[in-house]
Amino acid sequence: MAGARPGIAFVSLFLTAGAILLLFFVILAGAVNGNPLNQIYFLQADTSGIQDALPQSRWTLWNICGVDDNGRSANCGAVKPAFPFNPQTNFPGVTKGIDEGFLGSKHGKFFYLSRFTFAFYLIGLFFAVCSLFTGLAAMFSRIGGAITGLFSLMALTFAAAAAACMTAWVVIAHNYFNRNNQTATYGTKALGLTWGAVACLFLTTVLFFATAAISGQSNSTYTKRTGGKSFFGRKRSTKSTKSRGSFIDTESTPRGVKDEYS
């Protein structure tokens, strides 16, 4: 079974690299406006009825972008880390043209869900990169597999949290926009990439822990390699056993029989 460890670890590393790539695509969308990143967004909605807003608006982790004639993001706003989704504050002074579900506290559910999404993405990416580097040790040792499995588990936890928070605010906002007769569409690429990364990290976590569970060698192989040595590395002595046996035989021999041979 030890021979299977490098192969399992290699597959795990491949999946980890794939998860990191998927997360990078989602995180960089909006901050870098180039193909294919300009096709990745969380939510698109008709904001033509909102004052000082673009006809179509797309939300990313960093800003709001418009849509060009080719259906790609354009005219993106200033890049701001953890840009919150909250139409009430995204379009200052707006009280008309948006659903009442968006009105109320400026730091409501959308604000916190979108901000936590950003943080969870970054933390998940960090642990995924850590597991990629330590994963090399998983190819050769059980402890390397265990450590990498823990890093991968942390990456999975935070990536899943990011996916859950993001999906929650996107679905709720999508329903609010459509309820207000403002056509909204999901950013299927961002959703697919995010949940795809979660799936990859789930598989890598299982596989890395599997490498930690694989024993280096069987008991029979261990016995053969140690040449019959005991647990503490010393061979069992047959001479002492024979000596003890002779002593017992001598003691058990009747005295009368012994005298006849003397």
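In strand β4, A74 is the bridge partner of G66. The model is predicted. Strand β4, residues 73-74, pairs with β3 over two bridges in the antiparallel sense. The two strands form a hairpin with five residues between them. In that turn, G71 has a positive phi of about 75 degrees.

On to the other pairing of β3. Two bridges join β3, residues 64-67, to β2, residues 56-59, and these strands run antiparallel. One residue pair here is W59 with its bridge partner I64 in β3. Between β2 and β3 lie four residues, and the two strands form a hairpin.

These hairpins belong to an open sheet of five strands, with antiparallel pairing and the order β4-β3-β2-β1-β5. Which strands stand at the edges? They are β4 and β5 (184-186), and each has a single partner strand, so one side of each is left without a neighbour in the sheet. Strands of a sheet pair through backbone hydrogen bonds, either parallel or antiparallel.

A helix also meets the sheet. α4 lies across β1, β2 and β5, and runs at about 160 degrees to β5.

The side chains come next. In soluble globular proteins, nonpolar side chains tend to be buried together. In this model, the largest nonpolar core has 52 residues. Those with the most contacts inside this core are F42, W59, F85, Y121 and W169. The elements that give two or more residues to the core are the helices α1 (5-28), α3 (109-134), α4 (142-179) and α5 (188-213), together with strand β1 (43-46). Which element gives the most to this core? It is α4, with 13 residues.

W59 links the account of the sheet to that of the core. This residue has I64 as its bridge partner in β3 and is among the residues with the most contacts inside the largest core. What is W59 in contact with, leaving aside its neighbours within four places in sequence? The residues are Y41, F42, L43, A45, T47, I64, F83, F85, N90, F91, W169 and F177. Apart from the largest core lies another core, of five residues, among them A9, A138, M139 and F208.

Definitions and conventions: Residues are numbered from 1 along each chain as its sequence is written. This is a predicted model: local features need pLDDT of at least 70, side-chain atom pairs count only at pLDDT 80 or more; totals for chains, interfaces and linings use all residues. Side-chain values use heavy atoms; hydrogens and water are left out. A nonpolar core is a set of buried Ala, Val, Leu, Ile, Met, Phe, Trp, Tyr and Cys residues joined through side-chain atoms within 4.5 Å. Buried means under 20% relative accessible area, exposed over 50%, partly exposed in between (1.4 Å probe, protein chains only). Contact means heavy atoms within 4.5 Å. Two strands pair if DSSP finds at least two bridges between them. Axes are lines fitted to C-alpha atoms, for helices over the stretch in contact, and angles run from 0 to 180 degrees between N-to-C directions.
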